[in-house]
Amino acid sequence: MVAQIDREYRSFGLPKVVRRLASYALFEGRPHTTKGQWFNPVVFGLLRTLAAFPGNPQPKAPIFLIGLGRSGTTILGLILSLHRHVGFLNEPKAMWTVIDPAHDVTGDYSQGPAWFRLVPETISEKERLAAQRLYSRYARAVAASRVLDKYPELVFRIDYVLSLFPDARFILITRNGADACRSISTWSDRKGVADGNETEDWWGRNDCKWRYLWDELVRGDPELAPLHGLNPTDLDQVNRAATEWIVTMREGLAAVERYPKQVHHIRYEDLVAAPEAELAKLFHHCQLNPDADVLTYATKVLYTKVPAPKPELIPELIPLFDDMSSKLGYIDDGSAKP
């Protein structure tokens with residue numbers, strides 16, 4: 001499905017479809033495991049030109065959708081993209097690579113090194129200008145006054161992003177661990193590619209994302225001490241997904257506590273159960289006026305699914321997984337507490 005545009009989305013009119021297509025084609029880039037990578041030189045040529053062109057434009061309060069992939073981030077981004085003032089970028093890692101290649105933990109556009117955590121002290125004036133120019137000029141190109149950037153890994157870089165965009169707003173969306181783990185595992189089975197010793201799947205080119213995650217976020221963290229004796233290459237898709245879910249949720253909850261005005265937490269299950277109420281909270285947090293198209297689309301595309309069974313995890317992960325489920329308000333059958 002090109003640019004995630006389905007029949008329901010098209011029913012909201014040509015201008016919104018064109019805005020979404022332009023965002024997808026010209027600004028997001030085509031990562032590994034997707035088709036159309038031959039077009040990336042055109043995208044990077046445009047992005048580098050926009051980043052280098054003189055001027056000091058300031059984007060208005062960009063919105064960042066963060067969390068763990070396969071947790072409702074894409075569908076929430078699409079829903080909000082129908083707002084009349086919002087231009088939506090779905091994981092514009094090409095744009096972030098132009099700003100600083102150290103973002104690219106999946107190895108889509110650079111050969112590394114990369115980091116999950118980036119800090120304000122690493123930002124050069126050239127990078128700051130590039131970020132502000134790219135976001136401002138993207139918004140102008142698609143006739144939007146606000147930019148919504150869905151990039152889950154930014155949950156590890158909130159200080160960094162706030163240094164670039166001090167008035168930024170963040171939406172942290174979470175989903176019960178069983179569903180998230182099943183979705184990630186299924187994604188790699190469905191879209192992963194292996195060619196000899198080369199692999200491209202959820203864990204990046206040749207496992208680079210998994211290695212960065214383990215080395216930077218797991219190894220040396222005293223709260224994850226039960227995992228330190230493991231060989232990370234021995235973990236299967238489900239146990240890797242559970243590890244990523246745990247470290248990401250910990251980071252997200254810490255961000256909510258540290259930045260209560262900037263970071264709004266929403267559970268995917270609550271969005272599905274009560275879209276009108278949850279979207280009203282998001283509009284208020286993001287300082288957006290209500291938009292009927294957003295709610296109409298949400299009620300058409302969101303539906304309740306039977307929760308996945310609890311994943312079969314190695315003994316070292318089970319208490320960490322259960323503890324995080326409890327902190328997020330999920331009970332043993334995967335459903336969310338009111």
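Is Y135 buried or exposed, going by its relative accessibility? I looked this up in what is a predicted model, and I noted that Y135 has 0% relative accessibility, so I entered this residue as buried.

**Aromatic pairs**

I then searched the whole structure for aromatic pairs and found 18 of them. One of these joins F64 to Y135, with the ring centres 6.0 Å apart and the planes at 50°, and because an angle from 30 to 60 degrees is neither stacked nor edge-to-face, I recorded the pair as tilted. When I traced the two partners along the chain, I found F64 in strand β1 (residues 63–67) and Y135 in helix α6 (residues 125–141), so placed that the pair links parts of the chain 71 residues apart. I checked F64 as well, and at 0% relative accessibility F64 also counts as buried. Following the ring pairs further, I arrived at a cluster that takes in F64, W96, Y135, Y151, Y160, F165 and F170.

**A charge over a ring**

I next turned to R267, which I found lying over the face of Y330, at 5.7 Å from the ring centre.

**The sheet**

Last, I looked at an open sheet of three strands, whose order I wrote down as β5-β6-β7, with antiparallel pairing. Here β5 (193–195) and β7 (204–205) each have a single partner strand and stand at the edges, which means that one side of each is left without a neighbour in the sheet. Between β5 and strand β6 (residues 198–201), which run antiparallel, I noted three bridges, and I found A194 standing opposite T199 in β6.

Definitions and conventions
Residues are numbered from 1 along each chain as its sequence is written. This is a predicted model: local features need pLDDT of at least 70, side-chain atom pairs count only at pLDDT 80 or more; totals for chains, interfaces and linings use all residues. Side-chain values use heavy atoms; hydrogens and water are left out. Rings of Phe, Tyr and Trp (its six-membered ring) pair if their centres lie within 6.5 Å; planes under 30 degrees apart count as stacked, over 60 as edge-to-face and the rest as tilted. Helices (H or I, at least four residues) and strands (E, at least two) are DSSP runs, numbered from the N terminus. Buried means under 20% relative accessible area, exposed over 50%, partly exposed in between (1.4 Å probe, protein chains only). A charge sits over a ring if NZ of Lys or CZ of Arg is within 6 Å of the ring centre and within 35 degrees of the ring normal. Two strands pair if DSSP finds at least two bridges between them.
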